[in-house]
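Colleague: I have just started reading structures, and I would like to learn how such descriptions are justified. Could we go through one together?

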Amino acid sequence: MLLEVSNLDVAYGDAPALWDATLAIGAGQVVSVVGPNGAGKSTLINTIAGVLRPLRGQIRMEGADVSRVPGHRVCDHGIALVPEGRRLFGHMSVLDNLELGAYRPGARTEAAATLRHVFELFPILGERRQQIAGTMSGGQQQMVAIGRALMARPRLLLMDEPSLGLSPAVVDDMFQIIRTINQSGVAVLLVEQNINQALAVAHHAYVIEQGRIVTSGQPDALLNNPRIREAYLGI
Ligand SMILES: Nc1ncnc2c1ncn2[C@@H]1O[C@H](COP(=O)(O)OP(=O)(O)OP(=O)(O)O)[C@@H](O)[C@H]1O
C-alpha cells in the first residue's frame with residue numbers, strides 16, 4: 001500500500017471530528033471519500049497533510065509513519081495537498097505561485113522539467129504564466145492550485161473538493177484532469193460532495209458520515225447500494 005491510515009481520531013479542542021478512520025490507497029490509485037457537508041472530509045485530508053495532528057491512530061506513507069510529521073515536511077514523503085478553496089497567493093503571478101510548490105530541495109532541482117509537465121497538462125497556465133493569479137477564473141485558479149501541488153512531484157495528491165464553486169462544464173474538465181494526472185502515475189485521494197463524479201473517477205471509495213467511515217467498496221457497488229442511492233442520489 002502507498003498510504004495506510006489506521007484508527008485515526010481527530011478533534012478540534014474538545015469537539016471530536018473524526019473517529020476511528022481507517023483507509024488505504026494503493027500506488028497509482030484514485031480513492032474517493034464522499035459524504036455530506038461537515039462529515040469530516042476536510043479534517044481527514046488535512047490530518048494526512050500534516051495540517052492537523054491526530055489524537056490517536058497512525059498514517060503510514062510507503063511504510064514510514066507520518067502521523068505527526070508537520071505539514072511543511074509531509075511533502076518530503078511524496079504527499080502534496082490541493083486545499084479547499086485553493087489558497088493561492090492572489091496578488092502573485094501564476095508562475096510565482098507554481099514555483100512556490102517546488103520549494104522542497106528534491107523538487108527544486110527538477111523544477112524546470114516539472115514546470116514543462118504542468119504547462120503540458122494545463123496549456124492555459126503556460127500562456128498566462130505572467131498573469132496575476134487572483135484575476136483568473138475559478139477553474140483556472142483551481143488549475144494553478146493543482147499545478148502548484150504537482151510542482152512538489154508528489155506520488156500522492158490530496159484534493160479537497162476540487163469541484164467546489166465551479167460551473168458544471170468546468171467540473172467535467174476538472175475530473176478529466178484528475179484522470180490525466182492519475183494516468184501519469186500519481187495516486188489521488190479525493191474528498192468530494194459531488195458523489196457521482198467522485199465515484200466515476202475512483203478505483204475505490206469510502207463514505208463518511210458524522211466523523212465515521214460508514215461503508216467502503218468498489219464505486220459500482222456503492223452506486224448500486226440502495227441506502228447510498230437514497231441518501232446521496234435521491235433515487
Ligand atoms: N477549525 C475548526 N474548529 C472547530 N470545528 C471544526 C473546525 N473545522 C471543522 N470543524 C468541525 O468538524 C466537523 C467536520 O468538518 P470538516 O470540515 O472536516 O467536514 P467536511 O466533510 O470537509 O465538510 P465541508 O464539505 O463543509 O468542508 C464539522 O462538525 C465541523 O463543524
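Colleague: Which residues point one way from S7, and which the other way?

Modeller: Happy to start there, and keep in mind that this is a predicted model. Leu156, Leu158 and Asp160 point one way from S7, while Leu157 and Met159 point the other way. That fits a general pattern: in a regular strand the side chains alternate between the two faces of the sheet.

Colleague: What makes S7 "mostly covered"?

Modeller: A residue is called buried if 20 or more other C-beta atoms lie within 10 Å of its own. In S7, residues 156-160, five of the five residues are buried. The residues pointing either way are buried.

Colleague: How do you know that S7 pairs with S6 and with S8?

Modeller: Two strands pair if there are at least two bridges between them. S6 (residues 79-82) and S7 have four bridges, in the parallel sense. S7 and S8 (residues 187-192) have five bridges, also parallel. Both pairs therefore pass the test of at least two bridges. Met159 is a good residue to look at: Val82 stands opposite Met159, and in S8 the bridge partner of Met159 is Leu190. From S7 the chain crosses through helix H8 (residues 168-183) to S8.

Colleague: Why is that β-α-β crossover called right-handed?

Modeller: Imagine the strands pointing away from you. A crossover is right-handed if the path from the first strand over the helix to the second runs clockwise. The path from S7 through H8 to S8 is right-handed, so from that viewpoint you would follow it clockwise.

Colleague: Let's turn to the other sheet. Which strands stand at the edges of the sheet S2-S1-S4-S5, and why?

Modeller: This is an open sheet of four strands with antiparallel pairing, in the order S2-S1-S4-S5. S2 and S5 (64-65) stand at the edges, because each has a single partner strand, and one side of each is left without a neighbour in the sheet.

Colleague: How many bridges hold the pairs of that sheet?

Modeller: Seven bridges join S1 (residues 3-12) to S2, with Ala11 and Pro16 as one pair of bridge partners. Five bridges join S1 to S4, where Glu4 stands opposite Arg60. S4 and S5 are joined by two bridges, and two is enough because the rule asks for at least two. Met61 has Ala64 in S5 as its bridge partner. The hairpin of S4 and S5 has two residues between the strands, and Glu62 takes a positive phi near 50° there.

Colleague: What makes H1 "largely enclosed"?

Modeller: Seven of the eight residues of H1 are buried, so the rest of the structure largely encloses this helix. Among them are Lys41, Leu44 and Ile48. Just after H1, Gly50 takes a positive phi of about 85°.

Colleague: Why is Val51 called partly exposed?

Modeller: Val51 has 15 other C-beta atoms within 10 Å. A buried residue needs 20 or more and an exposed one has 12 or fewer, so 15 falls in between. Val51 lies in the loop between H1 (41-48) and S4 (56-61). Leaving aside neighbours within four places in sequence, Val51 is in contact with Asn46 and Gly71.

Colleague: Which element gives the most to the shell around the ligand?

Modeller: H1 does, with three residues. There are 13 residues around the ligand, and Tyr12, Ala17, Lys41, Ser42 and Thr43 come nearest. The elements giving two or more residues to this shell are S2 (15-25) and H1. By type, the shell divides into four nonpolar, seven polar and two charged residues.

Colleague: Finally, how do you know that the protein agrees with a compact globule?

Modeller: With 235 residues, a compact globule would have a radius of gyration near 18 Å; the protein has 17 Å, so the two agree. The C-alpha atoms fill a box of roughly 50 × 40 × 30 Å along the principal axes. Buried residues make up 41% of the 235 residues. Within this fold there are eleven helices and ten strands.

How values were computed: Residues are numbered from 1 along each chain as its sequence is written. This is a predicted model: local features need pLDDT of at least 70, side-chain atom pairs count only at pLDDT 80 or more; totals for chains, interfaces and linings use all residues. Two residues are in contact if their C-beta atoms, placed from the backbone, lie within 7 Å. A residue is near a molecule or strand if its C-beta atom, placed from the backbone, lies within 6 Å of it. Ala, Val, Leu, Ile, Met, Phe, Trp, Tyr, Cys and Pro count as nonpolar, Asp, Glu, Lys and Arg as charged, and the others, Gly among them, as polar. The radius of gyration is taken over C-alpha atoms; the globule rule is 2.2 Å times the number of residues to the power 0.38.
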